2 protein chains.
Amino acid sequence: MNSSAANTSEQQSTQARLEEMGRAAREASRRMARADTATKNRALHAIAEQLDVRRDQIAEANDRDMKAGRDNGLDAALLDRLELTGERIDGMIEGLHQIAELPDPVGEIDDLKYRPSGIQVGKMRVPLGVVGIIYESRPNVTIDAASLCLKSGNATILRGGSEALHSNGAIAVCIAAGLAEAGLPETAVQVVDTTDRAAVSALISMPEYVDVIVPRGGPSLIERVSRDARVPVIKHLHGVCHVYIDDRADLQKAFDIALNAKTHRYGVCNAMESLLVAEGVAADILPKLAQAYREKGVELRGCERTRKILEDCNPAAEADWSEEYLAPVLSIRIVEDLDAAMDHIARYGSGHTESIVTGDYSRARRFLAEVDSSSVMVNASTRFADGFEYGLGAEIGISTDKIHARGPVGLEGLTSQKWIVLGEGHIRQ
Amino acid sequence: MNSSAANTSEQQSTQARLEEMGRAAREASRRMARADTATKNRALHAIAEQLDVRRDQIAEANDRDMKAGRDNGLDAALLDRLELTGERIDGMIEGLHQIAELPDPVGEIDDLKYRPSGIQVGKMRVPLGVVGIIYESRPNVTIDAASLCLKSGNATILRGGSEALHSNGAIAVCIAAGLAEAGLPETAVQVVDTTDRAAVSALISMPEYVDVIVPRGGPSLIERVSRDARVPVIKHLHGVCHVYIDDRADLQKAFDIALNAKTHRYGVCNAMESLLVAEGVAADILPKLAQAYREKGVELRGCERTRKILEDCNPAAEADWSEEYLAPVLSIRIVEDLDAAMDHIARYGSGHTESIVTGDYSRARRFLAEVDSSSVMVNASTRFADGFEYGLGAEIGISTDKIHARGPVGLEGLTSQKWIVLGEGHIRQ
């Protein structure tokens, strides 16, 4: 058998394996949809207990992945994300208990009301069904994703990074044991155990078994999944977040927010990447801000007018305005007014998070209404765009889509609403 | 130039034309998103006025379509759907005024609350942006779709059936004039004016310009759009709706509901296609029901046990259980109990609408919770699954998807929610 034939045969067997997982997930999803809150919470606590009991096995499996990663030349950042220290296992355990504490969204009935025909109509919150999650190196995502899907009554198929195969396998054993202890089907959470890339293609092409795909990873993964999926996708593209300092801003607040939004953490999607400053206050605030950024080691890239004020600022190229740096780099543009700022955001932003700093009521109101991003803020740091800060209790990701779920996605984003109708023999006239 | 080269060149020009429309729609969507309620209502009333004033031109255009349809051998049903009588024009005008009366969903803020950090977090309802609608022969859909998108602050690109080209063109003139009268961009509603099928391919492949596609039409259109779209789709597949008569049902209510659900109208997606009857009451109710169906001319196809009770009932083949007849045909199955009924629905149903008839509280509660369909009913006819009956005021379609919008989709289904954050200089610690 030549190697291309071998590949094809491996792909076929991966395809068949994923279909089998899909069928089992669909079947399990019916059981999960009717599992009561106490049972689901029991499973979450039991999985936490299993993680605690099997720390040694998890550490061993993780060692194998770390060794393979080093042998394969993974860089230090990837190795760091791959590592499961005792502290990270504690974090996973704590996360499970926290999700058990959250209110169960399933079964909530909203807006039940009588209609002129005499029927009562309302909406009941229900699980989506089967959620496919595709993610990269961090093995603790396996627990995050599994626990959110479990609590929201979904079955899930998890496809982690190939470099975390053994770690994910060891975690999967804990999940299966915890589910069984609570009397729930082990197939409610299935972890794909092949590194064959065909598994992703198979997972995103089974609308009969999978209701939604959540890809978590770099742009190339997201783009591939979005392009090829035959299943709806809740995706998180990039965050090119803006702060606009209006000429009616309190300059101290503007200073604090612009500094925090850029320098609180660099490698996160809700960090500010572009600062827009109204021309009326640019000469006042930019030198102080630039000084603070310089002390933090942030490279500045400005428009021409910015460079007249900040002489040692690098020039910003056109490409800078749509760049997600995820690094100590900031582009700065001086704009005429609110309209120019909103035009810039509409043109270059990624629809993630934007904030205006202003003391003007009408401008704040316009910014809130007119900026088309998943989070729009007044006088607050973009770094607040986060499921925990918003009170969701947990977060499966931050959606930059407009359909279904937008911004931080918690338990509710993993559910939908069906209509319910209550009658007493009512018929349509 | 040979004919294949001519086709390619036509496709390229269609592609270019659609991209131009997409760009214009994206631009118009910003203006529409901030249009206030009064302006949008003014446009709706102005379009209604234009339809009234231009009745002759619309009738002329419709005559051309009807003549071409007859020449091309369209069947009577299609010709009927294509025809714009004076009464149908009245209906469109009335529909526009009704949509103007509906509450504007845009800008509604829900759940604004303080977080421990001191920020206030809530959700604001906003338009989706650009909605692409692909539909078949009925030209009055042009007004339905345009008015719902307009009221919900979206820009829209409408692609109607080629057989309605002139009618849709005449209606488009009215829409453009009405928009202009209210000071809104004419490009907020664009009607595709080519019959080239490449227009559909282009429209569903422009995620940069189109936020969601709503296909309204037969299964082949929906399947093609779902398979090829690179944009999220709110789709309506088929309605294989069930009524389950439990053995604790009030048999008079069961009779009324089963008769109404099947015979009130045949060609509609919320008509019952399969009747499930608990074995304990089958012998009681089926003969009476069969008699009533026979009087209405409904063909019955039953399982073996049904045929023992109803001797002149045709046998149901396996394929009958998943068939959407849209006709005076009904499949009937006797089932052991509630669980068997729900298993049948899970296996053969299309997730549209199912109803249980029962006097038993716990069974009603289980059916509501466990049946995974867009509408789930107790003691009511499936025919109630409808945007008007549910109080949405209007309906762009009935979604059989689970993501974003499920069941009847009104104005709210054409919007999404963004997060808003209000602070006073808050930064993340």
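Colleague: How many disulfides does the structure hold over all chains?

Modeller: This is a predicted model: local features need pLDDT of at least 70, side-chain atom pairs count only at pLDDT 80 or more, and totals for chains, interfaces and linings use all residues; side-chain values use heavy atoms, without hydrogens and water. Residues are numbered from 1 along each chain as its sequence is written; chains are lettered from A and ligands numbered from 1 in the order in which they are written. A disulfide here is a pair of cysteine sulfur atoms within 2.5 Å. Over all chains, the number of disulfides is 0.

Colleague: Which cysteine has the sulfur nearest to that of B:Cys241?

Modeller: B:Cys241 is in no disulfide. The nearest cysteine sulfur lies 6.7 Å away. That sulfur belongs to B:Cys269.

Colleague: Is B:Cys269 buried or exposed?

Modeller: Buried means under 20% relative accessible area, exposed over 50%, and partly exposed in between (1.4 Å probe, protein chains only). B:Cys241 is buried at 0%. B:Cys269 has 18% relative accessibility, so this residue counts as buried.

Colleague: What strand order does the open sheet of 10 strands have?

Modeller: Strands (E, at least two residues) and helices (H or I, at least four) are DSSP runs, numbered from the N terminus. Two strands pair if DSSP finds at least two bridges between them. The pairing in this sheet is mixed. The order is E1(A)-E2(A)-E16(A)-E13(B)-E12(B)-E7(B)-E8(B)-E11(B)-E9(B)-E10(B).

Colleague: Which strands stand at the edges?

Modeller: An edge strand here has a single partner strand, so one side is left without a neighbour in the sheet. The two are E1 (109-114) of chain A and E10 (314-315) of chain B.

Colleague: How many bridges join E7 to E8 in chain B?

Modeller: E7 covers residues 241-245 and E8 covers 272-278. They run parallel. B:Ile245 stands opposite B:Val277 in E8(B). The number of bridges joining E7 to E8 is 5.

Colleague: What angle does helix H10 of chain B make with E8(B)?

Modeller: H10 (residues 251-263) packs on the sheet; among the strands it touches is E16 (415-426) of chain A. Contact means heavy atoms within 4.5 Å. Axes are lines fitted to C-alpha atoms, for helices over the stretch in contact, and angles run from 0 to 180 degrees between N-to-C directions. With E8(B), the direction of H10 makes about 160°.

Colleague: And what angle does helix H11 of chain B make with E8(B)?

Modeller: H11 (residues 279-296) also packs on the sheet. It touches E7, E8, E9 (299-302) and E11 of chain B. Its direction and that of E8(B) make about 145°.

Colleague: How many residues apart in sequence are the parts tied together by A:Glu412 and A:Arg125?

Modeller: Their side chains meet in a salt bridge (3.6 Å, N to O), defined as a side-chain nitrogen of Lys or Arg within 4 Å of a carboxyl oxygen of Asp or Glu. A:Glu412 lies in the loop between E15 (407-409) and E16 of chain A, and A:Arg125 in E2 (residues 120-127), so the separation is 287 residues.

Colleague: Which residue of chain B meets A:Glu412 in a salt bridge?

Modeller: The N to O distance is 3.9 Å. The pair crosses between chains, from the loop between E15 and E16 of chain A to E2 (residues 120-127) of chain B. At 18% relative accessibility, the chain B partner counts as buried. This partner is B:Lys123.
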